[in-house]
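Work through the exercises below with the sequence and the model open. Each task is followed by a solution in steps.

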Amino acid sequence: MRLFFLLARKYPLQTVFMLISLLVAGLLEGFGLSMLLPLLSFAIPQQAGEQVTQTAMASSKLEMLVTDLFAFLNLTPSIENILIVILISVILKSAIIIVSRRQTGYTVARIATDLRLELLRSMIAAKWEYYLHERIGAHNSAMLNETKRSSDAFRLGVQMAADSLEAVAFLVAAFLVSAEASLAAMGCSLIVFLLLRRYLRKVRKTGQQQTNLRRELLASMIDLFQSFKSLKAMAREELADYLLEKTTYSLQKVQQKQVMTQGMLKALQEPLATIFLAVGIYVTLVYWHIPLSNMIVMLFLISRVIKQVTKVQERYSEIIIQESAYWSLQKTIRNLNKHREVSSGVEIPSLKKLISLEDVNFSYGKSRILKNVHIRFPVGQITAVVGASGSGKTTILDLVVGLISPQEGEVCIDGVPLQRIDLKRWRQMIGYVPQETILLHDTIFNNVTLGEKNLKKEDALTALQAAGALEFVNELPKGIDHIVGERGGKLSGGQKQRISIARALVHRPALIVFDEATSALDPASEEAVCETMRSLRKHHTIIAISHQTALLKCADQAYAIQNGVAEQIHPTDGNRLISKATNGI
Ligand SMILES: Nc1ncnc2c1ncn2[C@@H]1O[C@H](COP(=O)(O)OP(=O)(O)O)[C@@H](O)[C@H]1O
Ligand SMILES: [Mg+2]
């Protein structure tokens, strides 16, 4: 319920509107039902032996109120008139309920959207390092399931509030008939609620378990299907079945437990309520000598109160199942915000002379990756960094891009430390060609421009040309509008890599970094990329890292990394040094 109040505070106007309209609807319902009493007085002649005065006047406050109302409206409380009033109040109630349902629908959708956007923005703002430790699939579950379940919890909360208001309306009507009997009914409802509390606790637990299992299922599914090709190729796809089946069955067990507990809750409520009702009837009939017409209305009202209370409890159990999703979602958002990328730097970067790593030390946890590294990447040149795999080449690029920061030393752009520079602006000047090319399931055009509005078809074609991709793109059935398949599966490794190079070039960056960008290419294509790099050098600065020495051929200067130490080498010396460095791979 905490969630309902929390969201009610966030969307106060909508909540107040919904509650007021539901309250009016509830009151109208109570009012319509109050009319039953005078109706019954007409139908059932009063019992013999009752005092004449009492019969003549009215046997309860409710009946008096109704009689007063008719007098006020200048109507005779005839059967026809009473029936008409009942009909009008029912129609009015339905109309109000339609309006409030519409409002609820809008608000629930808005809450889900707001939560989705909040999650999305936090995800986008988080540091790259965050994603090295967290499972992306869990975020998918948060985005789809948890936002939906949270907004459902709010919808259920509104319905629960409406049911409670309706119960109150019946109770007020019942009070006007007999205060004692109503108090007794309230007491009974409270006892039923307290007796069934432990089932509610169980339901809450199953809700939390479901949230966790759903996350697990989606995360494992995404993980496994990303390597589905190799699983299939080695006939290990049953492994996916086994791993996912386990979670699916756990989810089934929890769902069964939840349904059972909820069923139990529902099943126990009715006999309990009936027992109390039976006792109530006995007491009112035998001890309190309430007139029969009042008695019937009373019974009706109290059974409705009990039914509403039952409904409230049911809704409550549903809310606590869905609510767990909201708390999980909030935890994820909080965690993301904790890892928000903050760029304290404000200086606008200018890349006129060089990028330099000055006495840089970098460790992942306890393992030291780079030791007192000095590297200079001069503007307008191709600098190659070569070394065995795992030697720290990608780490160097991540430092230059500012995805990670050194524990000691500085990364400088034209002598200005990266901490002082506006990171976003710096990265806007970079074209990044990653080691693994994962394309979007979209057209080549969109893969190159990434949907950036001010990039036109000509820009994409120029970039494809520069990346040496235009020839094969033109041969595709739809050319630049060809859809590349899931993660680019309909293209060869080398073709994907060239699309990825075009993506890095299209916004005309000052610096282009290639992370093993030629590793998936055959010698001829590699030569072509080298040629591309050389032609790009006129306008761009290039850093190319590789565990192969082929890149050295087109480099202006080179560094070799070994045991965390960077050593400048002459590009033509590469083969000798690198054969030493890459020994064993
Ligand atoms: N996020 C990380 N957390 C811990 N260790 C890492 C992380 N990323 C890379 N490493 C380790 O750092 C070393 C250098 O990695 P990397 O720079 O990617 O090497 P490469 O030269 O192949 O590009 C490797 O031993 C790798 O296992
Ligand atoms: Mg690498």
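**Exercise 1.** Describe the lining of the largest cavity by class, then list its residues and place them in the chain.

Solution. Step 1: the residues that line the largest cavity divide into seven nonpolar, four polar and no charged. The model is a predicted one.

Step 2: the lining consists of C188, S189, V192, F193, Q269, A273, F276, I306, V309, T310 and Q313. Two or more of these residues come from each of the elements α9 (179-195), α12 (237-287) and α13 (292-338).

Step 3: the space inside the largest cavity comes to about 90 Å³. One cavity of 30 Å³ or more is found in the structure.

**Exercise 2.** State where the largest pocket lies with respect to the domains.

Solution. Step 1: the chain is split into domain 1 (2-46 + 55-203 + 262-338) and domain 2 (354-581). Their C-alpha centres are 61 Å apart.

Step 2: domain 1 and domain 2 both contribute residues to the lining of the largest pocket, so the pocket lies between them.

Step 3: this pocket holds about 2,200 Å³ of space. Its lining has 49 residues, and W128, L403, R427, Y432 and P434 are those nearest its centre. Elements giving two or more residues to the lining include α6 (79-125), α7 (130-133), α14 (393-401) and α19 (493-505).

Step 4: sorted by class, the pocket lining has 24 nonpolar, eleven polar and 14 charged residues.

**Exercise 3.** Decide whether α14 is largely enclosed or not, and look at what follows it.

Solution. Step 1: a residue counts as buried under 20% relative accessible area. In α14, the residues K393, T395, I396, L397, D398, L399, V400 and V401 are buried.

Step 2: that makes eight of the nine residues of α14, so the helix is largely enclosed by the rest of the structure.

Step 3: after α14 comes G402, which has a positive phi, near 90°.

**Exercise 4.** Is Q210 buried or exposed, and which residues does Q210 touch?

Solution. Step 1: Q210 sits in helix α10 (residues 197-226).

Step 2: the relative accessibility of Q210 is 3%, so Q210 counts as buried.

Step 3: leaving out residues up to four places away in sequence, Q210 touches L251, V254, Q255, Q258 and I321.

**Exercise 5.** Place T443 in the chain, give its burial and its contacts, and find how far it is from E166.

Solution. Step 1: T443 belongs to the loop between β6 and α16.

Step 2: with a relative accessible area of 13%, T443 is buried.

Step 3: not counting residues up to four places away in sequence, T443 touches I480, D481, H482 and I483.

Step 4: T443 and E166 are separated by 277 residues in sequence, and the C-alpha to C-alpha distance between them is 56 Å.

**Exercise 6.** How many disulfides does the structure hold, and are C412 and C530 buried or exposed?

Solution. Step 1: a disulfide is a covalent bond between the sulfur atoms of two cysteines.

Step 2: the structure holds zero disulfides.

Step 3: C412 has a relative accessible area of 4% and is buried. C530 is buried as well, with a relative accessible area of 3%.

How values were computed
Residues numbered from 1 in each chain as written. Chains lettered and ligands numbered in written order. Predicted model: local features only at pLDDT ≥ 70, side-chain atom pairs only at ≥ 80, totals over all residues. Heavy atoms only, no water. 1 Å grid on protein atoms, 1.4 Å probe; cavity = no way out; pocket = protein on both sides within 12 Å on 5 of 7 lines; lining within 4 Å. Points joined across faces, edges and corners; volume = space filled by probe spheres on them. Helix = DSSP H or I, 4+ residues; strand = E, 2+ residues; numbered from the N terminus. Nonpolar A, V, L, I, M, F, W, Y, C, P; charged D, E, K, R; others polar. Domains from an automatic or database assignment. Disulfide = S-S within 2.5 Å. Buried < 20%, exposed > 50% of the residue type's maximum accessible area, 1.4 Å probe, protein only. Contact = heavy atoms within 4.5 Å.
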